[in-house]
Amino acid sequence: MAGVDIGGTTTQVVLCSTALDVLDRVEFPTPAAEGGRAMIGIVLDGLRQLLGRHPARLAGVGVGAAGVVDAGTGRILVASDSFTDWAGFAVTGTLEASLGVPAFLDNDVNAFLRGEVAKGAVAGERHVLGMTLGTGVGGALWMDGALHDGPHGAAGEIGHIPGFGDIPCTCGGRGHLETLAAGRSLAARYAERTGRGTDALGVARAAQDGDPDALAVFTTAGAGIARALLITAGLVDVTTVVIGGGVSRAWPLLEPAVQAALAAEPPVSGQPIRLVPSLLGSDAVAVGAASRARTALTAAGLG
């Protein structure tokens, strides 16, 4: 089984055993500006390398990709402007034609959560919210032992809950959690306060050095994250949360404000919200994509 993580910056391909243990991996820069065929070409190159090193019969391929996807047709529906000719691209059809095995597509955050439930920090849990803090803020719901993506594929999109001010969001809305807690948002909010340009890592370093403006940015982001988690807990009664993404590496800067807000107003269920960091790290999306493929093939009697 193979799993693929197609991100805006890098593409990772992993080869897994039937138990979803990672046997080997390769990583390449994503040729996002060159279009869908170039991106799938990189995936195929990676698979050839891995199968050359580990001769085996490939049963299927799962792909986790950023953006809005149609898992049923295996196509990308909406992609950011950093991708060329990606929206509308037939991901699974192109892979199946080249490899001769079934392929499956999922949103990258859904795949992240699948990976953490299958082999990661929340293995075996039946009710989990997955949250990724990176360039954007993503979310996915695992309910009663299965991914719950909703009738329109948008369930769990915690990053686009409104009510966090009036700042324009990248999705076209205003005041979404992403405007406070995404990596680029941390940098933007710091620049607004100080007039100094940097990235999220620079803001984190400034906060670690005691910069009050940087600390304030993380405090605001942490309080916003807690509020979004409480809203989710109140609506769907999910109180276990697995957190990943690049910004989560600055969790010590976010956690005090998150925990303070959660302590001040616990969920109506009376059950505390349990926050756990990703165990699979950069492998989570690819392993989750492989898990999606394994589940589908097993259901079809092919796994």
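In what order do the five strands of the open sheet stand? The order is β3-β2-β1-β4-β7, and the pairing is mixed. This is a predicted model.

Start at the margins of that sheet. β3 (22-29) and β7 (103-107) stand at the edges. Each has a single partner strand, so one side of each is left without a neighbour in the sheet. On average, neighbouring strands here are turned by 15° against each other, direction ignored.

Now move inward. Strand β1 covers residues 2-6, and strand β4 covers residues 61-65. The two run parallel and are joined by five bridges. One pairing can be picked out by residue: Ala-2 has Val-61 in β4 as its bridge partner.

Helices pack on this sheet. Helix α2 (residues 91-99) touches β4 and β7. The direction of α2 makes about 155° with that of β7. Helix α1 (residues 36-53) lies across β1, β2 (10-16), β3 and β4. Against β3, α1 runs at about 145°.

Next comes a second strand pairing. β5 and strand β6 (residues 75-78) pair in the antiparallel sense, over three bridges. Together β5 and β6 form a hairpin, with four residues between them. Gly-74 sits in the turn and has a positive phi of about 70°. Within the pairing, Val-69 has Ile-76 in β6 as its bridge partner.

The hairpin strands lead to the surface. Val-68 lies in strand β5, which spans residues 68-70. Is Val-68 buried, exposed or partly exposed? Its relative accessible area is 43%. Buried would need under 20%, and exposed over 50%. Val-68 therefore counts as partly exposed. Val-68 also belongs to a nonpolar patch on the surface, formed with Leu-77 and Val-78. Together these residues have about 250 Å² of accessible area.

Finally, turn to helix α6, residues 200-208. Which residues of α6 are buried? They are Gly-202, Val-203, Ala-204, Ala-206 and Ala-207. The cover over them includes other helices: α5 (183-194), α7 (212-236) and α8 (251-264). After α6 comes Gly-210, whose phi is positive, near 90°.

To retrace the route: the mixed, open sheet comes first, with α1 lying across β1, β2, β3 and β4 and α2 touching β4 and β7. The β5-β6 hairpin follows, with Val-68 in the nonpolar surface patch. Last is α6, with its buried residues covered in part by α5, α7 and α8.

Definitions and conventions:
Residues numbered from 1 in each chain as written. Predicted model: local features only at pLDDT ≥ 70, side-chain atom pairs only at ≥ 80, totals over all residues. Heavy atoms only, no water. Patch = residues over 30% accessible without salt bridge, like charges linked within 9 Å, V, L, I, M, F, W, Y side chains within 5 Å. Areas by Shrake-Rupley, 256 points an atom, 1.4 Å probe, with all protein chains shown as cover. Salt bridge = Lys/Arg side-chain N within 4 Å of Asp/Glu carboxyl O. Buried < 20%, exposed > 50% of the residue type's maximum accessible area, 1.4 Å probe, protein only. Contact = heavy atoms within 4.5 Å. Pairing = 2+ DSSP bridges. Axes fitted to C-alpha atoms, helices over the stretch in contact; angles between N-to-C directions.
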